[in-house]
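Me: I would like a close look at a single part of this structure, with its surroundings explained step by step. Please keep the answer plain.

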Amino acid sequence: MKRNEVIISQAEIDRQLSICDALRERIVTLPAQPLAMVDTYGCQQNEADSEQIRGMLRRMGYGFTEDEQEADVIVINTCAVREHAEMRVLGNVGALSHTKKKKPSQVICLCGCAMQEPHMAAKIKRSFRHVDMVFGPHALYRFPELLQEVLVQKNRVFETPDVAGYIAEGLPIARKGTLKAWVSIMYGCNNFCTYCIVPHVRGRERSRDPELILSEVRQLLAEGYKDITLLGQNVNSYGKDLGLNMDFADLLQQVNDLPGEFMLRFMTSHPKDASQKLFETMARCEKVAPQLHLPFQSGSSRVLKAMNRHYDREAYLDEIRRLRELIPDIVLTSDVIVGFPGETQEEFEETVTLIEEVRFDALFTFIYSPREGTPAATYPDPMPKEQKSKNFQKLLDTQNRISAEKHAEYVGKTLRVFVDGINTQDKTHNLTSRTDGGRLVHISGEESLIGTWQTAKIVKSSTWALFGEFV
Ligand code: SAH
Ligand code: SF4
Ligand code: F3S
């Protein structure tokens, strides 16, 4: 792909923005400000996309609501990674036919990864007549134009081009928080793990220009953001398509070197190209959080090969060893799949021994879900569902024990925390805070401390969190 075919031209972005402004002129003449609701499923990439959708809606003059009854425009940003995620979306969209009956002018839009799957878009078109608009990730920058077509021409719009993908710079962003911000550094994925739908719906890897990333972070820091997460499906591939002789570690160093007090995180990393250079850069950069999310997916080298992951058990364990040599207190989290087609009981046990060996701080555990169009969906899958569920439970129990033990090791320690919000879950601790490594610390104190770093003593722990006191 040539760079000028990947980057959406400034003229095209300006055209979309001028449609926002034209819609705004209509909207300001209405008796009351119309409201939009944006509901997001899936990963941080979708959260970041939703912030752009909200940014465009805000520019059009919409206010926001969480109440689907009063929304004039509803946008549901969907995920396709597992069947469960798709089913939830279909259930919720089905229920919206009732709200639309009460409010026929309501515009219902579906976007995101699940809409890029041909069978899902076809199903919406056929069976969900109350949905006005469907667009895939590659059409996101054209949302103003598509909404105009629904509002003005009263057409039903389906826009899911099957392309390698674009980079659209300069769209407005309405961020959810005031302290933490996502910054996309690349889009798409080239890895084609055999179970995964993401490369099929998000297109090929494409990296944003480093200068634009740096200026976005500079702007965020000027606005008072303190916690920056660089986002991509596989950030370790950053820069490969740029021809600038620059990789992810170089970008991390450059963001770290921006003036200001802030924490820098990133996700997700792929073990096959998490390099020693990256680990050394993390260890050296004082603003990079001592934290890494490094999905291993399986503890069996045979299964890893069948997954097309390009590393084996030993290589993964070796990586963790080298990382801990450089950053002994690193907080490690990971993703794992139970019941990949053909996984034997012995191979599953290798996953259990891997987590015992590594002792992750937390683990995201998934039961394999066949995705239409991926190679693994065609593999023989003899293990009964009940056995997969048993294995899943065993993995959860093992990890919960490890998480609780790791959290207990914090008790009695005094460390730096960043106070990041109000705690709605816990009556005795009114604030939430995070360790540098990102572990949650419940704590009580003045609300004015939100947005500052403080010293806390950890006094109690559970499987999921720590409890502290300011010192
Ligand atoms: N790009 C990231 C995350 C992708 S999706 C990465 O490679 O790490 C997040 C997680 O969902 C994956 O790490 C994997 O553990 C899980 N996942 C993806 N496809 C799945 C499937 N078909 N069934 C079950 N889990 C899946
Ligand atoms: Fe999916 Fe693998 Fe790409 Fe992650 S690296 S998004 S699991 S194909
Ligand atoms: Fe889901 Fe798409 Fe993210 S499939 S996990 S929302 S990239």
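Reply: Phe192 sits in the loop between E8 and H7. The model is a predicted one. Phe192 is not a glycine, yet its phi is positive, at about 50 degrees. Its relative accessible area is 35%, and because this lies between the limits of 20% and 50%, Phe192 counts as partly exposed.

Thr194 belongs to the loop between strand E8 (186-187) and helix H7 (198-202). With a relative accessible area of 8%, Thr194 is under the 20% limit and is therefore buried. The side chain of Thr194 makes a contact as well: it comes to 2.8 Å from the backbone oxygen of Ala306.

Phe192 is also one of the residues that surround ligand 2. The others in that shell include Cys189, Asn191, Cys193, Tyr195 and Cys196. Val198, Pro199, Gln233, His270 and Arg309 are there too. Sorted by class, the shell of ligand 2 holds 7 nonpolar residues, 3 polar ones and 1 charged one.

Gln233 leads on to the other ligands. It is among the residues around ligand 3, together with Gly42, Cys43, Asn46, Cys79, Ala80, Val81, Cys113 and Arg202. The shell of ligand 3 divides into 5 nonpolar, 3 polar and 1 charged residues.

Gln233 appears again at ligand 1, where 14 residues form the surroundings and Arg82, Gln233, Gln297, Asp335 and Ser369 come nearest. By class, these surroundings comprise 7 nonpolar, 4 polar and 3 charged residues. Some contacts can be given atom by atom. A side-chain N or O atom of Gln297 is 2.7 Å from an oxygen atom of ligand 1. For Asp335, a side-chain N or O atom is likewise 2.7 Å from an oxygen atom of ligand 1. Ser369 takes part through its backbone, with an N or O atom 2.8 Å from a nitrogen atom of the ligand. Ligand 1 on its own would expose 540 Å², and the protein buries 89% of that. Strand E13 (331-338) and strand E14 (362-367) are the elements that give two or more residues to this shell.

Back among the neighbours of ligand 3, Asn46 falls within the range of helix H3, residues 44-60. H3 has 17 residues and spans 24 Å from its first C-alpha to its last, close to the 24 Å expected at 1.5 Å a residue. Most of H3 is covered, with 13 of its 17 residues buried. Just after the helix, Gly61 has a positive phi of about 105 degrees.

Two further loops have backbone features to set beside Phe192. Asn245, in the loop between strand E10 (227-231) and helix H9 (248-256), has a positive phi of about 55 degrees although it is not a glycine. The relative accessibility of Asn245 is 79%, and because that is over 50%, Asn245 counts as exposed. The other feature is a cis peptide bond between Met267 and Thr268, with omega at about 5 degrees. Thr268 lies in the loop between strand E11 (263-267) and helix H10 (276-284).

How values were computed:
Residues are numbered from 1 along each chain as its sequence is written. Chains are lettered from A and ligands numbered from 1 in the order in which they are written. This is a predicted model: local features need pLDDT of at least 70, side-chain atom pairs count only at pLDDT 80 or more; totals for chains, interfaces and linings use all residues. Side-chain values use heavy atoms; hydrogens and water are left out. A residue is near a molecule or strand if one of its heavy atoms lies within 4 Å of it. A polar contact is a pair of N or O atoms within 3.5 Å; within protein, one must be able to donate a hydrogen and the other to accept it, and residues adjacent in sequence count only if both atoms are side-chain atoms. Accessible areas come from the Shrake-Rupley method with a 1.4 Å probe; for residues, only the protein chains shown count as cover. Helices (H or I, at least four residues) and strands (E, at least two) are DSSP runs, numbered from the N terminus. Ala, Val, Leu, Ile, Met, Phe, Trp, Tyr, Cys and Pro count as nonpolar, Asp, Glu, Lys and Arg as charged, and the others, Gly among them, as polar. The expected span of a helix is 1.5 Å times one less than its number of residues. Buried means under 20% relative accessible area, exposed over 50%, partly exposed in between (1.4 Å probe, protein chains only).
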